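Okay, thanks everyone for squeezing in. I've got one model to show you, so let me put it up and then talk you through a few spots.

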Amino acid sequence: MCQGLVAVALESKGEGCSEAGVCPAPPGLGPFGLCRQGGLLLWLCGRAGSAERGRARLCRALDDGSALRAFEAMLGAQGVPPDTARRLCAGTPAQRRQLLGPAGVCEDLPAPSGGWVQQVEALPLAQVLHKLGAGRSRAGDPINPRVGAELLVGVGQHLQEGEPWLRVHHDGGLDAGGRRALQAALHLGRDPPCAPPPLLAETILPPGTPGTPPPVETPPGGAVGTPSGQGDGQ
């Protein structure tokens with residue numbers, strides 16, 4: 001699990017982002033990397049003549065604002081008032097904070113011991129946050145957009161005992177059982193972990209697919225992956 005956010009309000013207010021609300025993406029998942037992968041999907045479903053044309057189409061949508069306008073329209077289709085949708089998409093971080101508001105409690109969880117971060121399990125975090133109100137069990141259940149978490153560490157980082165590794169935003173419902181479940185999601189070791197697997201290990205194409213897609217952008221510090229089956233349709 002990469003460093004990041006799990007919360008509507010946190011994402012909207014731009015925690016860890018620039019003043020313009022631009023949030024850093026994990027290596028290999030920046031706009032260029034997403035366009036590469038999305039362009040391949042457009043090509044495979046017949047919406048673009050090639051993977052490169054699909055990549056260019058997605059990049060244009062991000063650059064000219066049409067992707068953001070489509071997202072704003074999607075919010076409206078889901079019942080978000082037009083003025084609220086507009087301010088969420090085009091407002092400043094301060095304006096977005098006013099719309100959603102902060103959680104009542106901001107709690108840092110300390111590392112139970114020192115060591116190297118081997119893994120942070122995403123499922124326990126999601127389950128605890130769901131119980132705190134960040135998700136639905138049935139259609140129509142209310143969601144508390146202020147509930148969420150900020151992952152303060154990444155795999156390969158060294159932690160000292162007591163150093164914060166997770167910041168939980170909630171309205172007072174986090175109990176001892178929830179804290180234990182969250183702490184159990186953090187896996188520490190005595191030695192640095194092995195190199196993490198690539199975000200994209202292989203591209204599998206349908207049999208008989210003509211052409212060869214371009215290689216996926218390689219992030220700094222490690223390869224993301226390259227298409228497989230080049231020339232044999234696998």
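**Salt bridges, a helix and a sheet**

Let's start with R86, which is partly exposed, with a relative accessible area of 43%. For the cut-offs, buried is under 20% relative accessible area, exposed is over 50%, and partly exposed sits in between, using a 1.4 Å probe and protein chains only. Before I go on, the usual small print: this is a predicted model, where local features need pLDDT of at least 70 and side-chain atom pairs count only at pLDDT 80 or more, while totals for chains, interfaces and linings use all residues. Residues are numbered from 1 along each chain as its sequence is written, and side-chain values use heavy atoms, with hydrogens and water left out.

So what does R86 pair with? D83: the two form a salt bridge, with the closest N and O atoms 3.2 Å apart. By salt bridge I mean a side-chain nitrogen of Lys or Arg within 4 Å of a carboxyl oxygen of Asp or Glu. Both residues lie in helix 5, residues 82-90, and they are 3 residues apart, about one turn of the helix. Helices here are DSSP runs of H or I with at least four residues, strands are runs of E with at least two, and both are numbered from the N terminus.

D83 has another partner, R87, again at 3.2 Å, N to O. R87 and D83 are 4 residues apart in helix 5, so about one helical turn separates them. That spacing makes sense, because an α-helix has 3.6 residues a turn and residues three or four places apart point the same way. Put together, D83, R86 and R87 are linked in a network of salt bridges. As for exposure, D83 is partly exposed at 37%, and R87 also counts as partly exposed, at 32%. Over the whole structure, the search finds 6 salt bridges.

Next, helix 3. Its 13 residues, 51-63, should span 18 Å at 1.5 Å a residue, and the end C-alpha atoms are indeed 18 Å apart; the expected span is 1.5 Å times one less than the number of residues. Which residues of helix 3 are buried? A51, G54, R55 and C59. They cover an arc of only 135° around the axis, so they sit on the same side of helix 3, with the arc taken from the directions from the helix axis to the C-beta atoms. On the face turned away from that buried side you'll find the exposed residues R53, R60 and D63.

An arginine in that buried set might catch your eye. R55 counts as buried at 14% relative accessibility, and its side chain meets E52 in a salt bridge of 2.7 Å, N to O. E52 itself is partly exposed, at 37%. The two are 3 residues apart in helix 3, which means about one helical turn. Just after helix 3, G65 takes a positive phi of about 90°.

Last stop, the sheet. This is an open sheet of 3 strands in the order 5-3-7, with antiparallel pairing. Strand 5 (158-159) and strand 7 (186-189) are the edges, each pairing on one side only. Two strands pair if DSSP finds at least two bridges between them. Strand 3, residues 115-120, is joined to strand 5 by 2 bridges. So where in strand 5 is the bridge partner of G115? That partner is L159.

That's my tour, happy to take questions.
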